[in-house]
Amino acid sequence: MSTLFRSRAFLPILLLGAFAVALLAAACGGDDDDDASPTQGAGAGTAFQPVKAGDLTISDAWVRASTGTNVTAAYMTIKSAGAADTLVSASSPIAGMVQLHEVVTEGSTSKMQEKPGGFPVPANGTAELKPGGWHIMLMDLKQQPKAGETVELTLKFEKAGEVKIVAPVQAASGSTPDMSHDSHGGSSMTPSGGMSGGMGGTATPAMGR
Ligand SMILES: [Cu+2]
């Protein structure tokens, strides 16, 4: 551990000298890891640069690589350094329809549905969009996003207005796999009765009705 740290951080530390050490200790109470990696987060190549809009900072944005279905999802962290705000809608050039979804669990099944009113961002707080929870659902895809590409998203906030971001596409490896997808195309998600199995040409899920 310490050798790894040294090889990456030794040069800058040499240059900054003792001042930096003193500053660090004073400013962050010894939490020097914070300062050593300001661009932490996603992977090396496709890290998302945080986007600021008024009091809001959007970070860790990513779009799930398509698995061949007609839908995918976008995730991110939205933090407010001031007043509360609400993400009320979103859009993307690659999607014919975009909805803000929540995942609700009833008994042993969970399903996703449109979240009425959008995603609230608390004052001085954070709204987290992540697999298995809140997400921006991209539907009626015009193209299939692949890992390594980027997807343009326009977020519309009640107060901050429209914010454009470009999110990297990542394969959903690791944590929660496709549970959100499955509930979309799969059996547990037929509220309007009209759609079963979202794989094929039945296209646009008519779930908003
Ligand atoms: Cu969804």
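Which pattern does the chain follow when it is read along the sequence? In this predicted model, the chain runs as α-α-β-β-β-β-β-β-β-β-β-β-β-α when read along the sequence, and its secondary structure comes to 3 helices and 11 strands. Two residues that are not glycine, D60 and N124, have a positive phi, and their surroundings are set out below.

**Overall organisation**

- The chain has 209 residues, of which 29% count as buried.
- When contacts in the chain are taken between residues at least 6 apart in sequence, 64% of them join residues that are at least 24 apart.

**D60**

- The backbone of D60 has a phi near 55°, which is a positive value in a residue other than glycine, and D60 is found in strand β2, the element that spans residues 56-64.
- D60 counts as partly exposed because 18 other C-beta atoms lie within 10 Å, whereas a buried residue would need 20 or more and an exposed one 12 or fewer.

**N124**

- Although N124 is not a glycine, its phi is positive, at about 50°, and its place is in the loop between β7 (119-121) and β8 (126-129).
- N124 counts as exposed because 12 other C-beta atoms lie within 10 Å, and a residue is exposed if that number is 12 or fewer.

**The two sites side by side**

- D60 is found in a strand, β2, while N124 sits in a loop, between β7 and β8.
- D60 is partly exposed, whereas N124 is exposed.

Key:
Residues numbered from 1 in each chain as written. Predicted model: local features only at pLDDT ≥ 70, side-chain atom pairs only at ≥ 80, totals over all residues. Helix = DSSP H or I, 4+ residues; strand = E, 2+ residues; numbered from the N terminus. Contact = placed C-beta atoms within 7 Å.
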